[in-house]
Amino acid sequence: MRTPFVAGNWKMNTTKSTAVDLAKGVAKSAAATVDIGIAPPFVYLDAVGQAIAGSRVLLGAQDVYFKPNGAFTGEISVEMLKDLGVRFCLAGHSERRHVIQEPGDLISLKAHAIYAGGLILVHCVGETIDQREADETLPVVRRQFDELSEKISDPARLIVAYEPVWAIGTGRNATDAQAQEVHAFLRQELAVRWNKDFADRVRIVYGGSMKPDNAGALMNQADVDGGLIGGASLKADSFLGIVAAAEKKRA
Ligand code: PGA
């Protein structure tokens, strides 16, 4: 049985004081049976890390640069994140792929740097609405898997987030069946590229307009092992409502 993973991606939101309050609200009621994480903006990582110290909540980063140090103006390294207590980091989030225009080869370098540095890699994949309508969803996510290699060998430190671009921040989530179809396909791809045991251990979480009222049904799907939450992670109550759905799955 895979331990569900539920993480909040706060994106470019909060102030220092609202970030600390939100983090404390999450930490206070964090469930014991699922893995919970929050990924605040870089500049609040330190304060949020202190706010959740001693709790079960994992500190996460939304992005990182793949080089260890040097002349890379504006960038942040894996070692810097670890210095602040970061435990997981996203790579390939849809907004970095499509808004910031990050190419697949850069995402691949980041993913491997995150893993090699000892952090949990949360690798995000997902199709645009045009790709879905052209029936290209599975080939697209399969191609995005080419960003990963067998160097990523510990299934406990790889989490795949399936996030259809058209569902992110739109209020229109994938149906349970749409999510399950892609998650099952991704698990099969993991088995082909690594092996079945590895595939059975990797958490595959869903993201895209997940809310307390749709989280239970999505997480009831056999291959949905939790969620990556944007908008609904900005209030402790709604985020914890989704955590509660994950706990039910675990029970
Ligand atoms: P959303 O974002 O929950 O606001 O749709 C999800 C994500 O981008 O991780």
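A polar contact is a pair of N or O atoms within 3.5 Å. The exercises below apply this cut-off to a predicted model.

**Exercise 1.** Determine which polar contacts K11, E163 and G169 make with the ligand.

*Solution.*
Step 1. An N or O atom in the side chain of K11 is 2.7 Å from an oxygen atom of the ligand. With a cut-off of 3.5 Å, this pair is therefore a polar contact.
Step 2. For E163, a polar side-chain atom lies 2.7 Å from a ligand oxygen atom.
Step 3. G169 takes part through its backbone: one of its polar backbone atoms is 2.7 Å from an oxygen atom of the ligand.
Step 4. On its own, the ligand has 280 Å² of accessible area, and the protein covers 95% of it.

**Exercise 2.** Describe the residues around the ligand by number and class.

*Solution.*
Step 1. There are 13 residues around the ligand, and K11, H93, E163, G169 and S209 come nearest.
Step 2. This shell consists of four nonpolar, seven polar and two charged residues.

**Exercise 3.** State which pocket holds the ligand, and describe the two pockets.

*Solution.*
Step 1. The ligand sits in the second largest pocket.
Step 2. That second largest pocket has a volume of about 210 Å³. Its lining comprises 21 residues, with K11, G169, S209, G230 and G231 closest to the centre. By class, the lining has seven nonpolar, 11 polar and three charged residues.
Step 3. The largest pocket contains about 370 Å³ of space. Its lining has 14 residues, of which K11, M12, Q62, D63 and R96 are closest to the centre. Seven residues of this lining are nonpolar, three polar and four charged.

How values were computed:
Residues numbered from 1 in each chain as written. Predicted model: local features only at pLDDT ≥ 70, side-chain atom pairs only at ≥ 80, totals over all residues. Heavy atoms only, no water. Near = heavy atom within 4 Å. Polar contact = N/O pair within 3.5 Å; in protein donor to acceptor, adjacent residues only side chain to side chain. Areas by Shrake-Rupley, 256 points an atom, 1.4 Å probe, with all protein chains shown as cover. 1 Å grid on protein atoms, 1.4 Å probe; cavity = no way out; pocket = protein on both sides within 12 Å on 5 of 7 lines; lining within 4 Å. Sits in = over half its atoms within 2 Å of the grid points. Nonpolar A, V, L, I, M, F, W, Y, C, P; charged D, E, K, R; others polar. Points joined across faces, edges and corners; volume = space filled by probe spheres on them.
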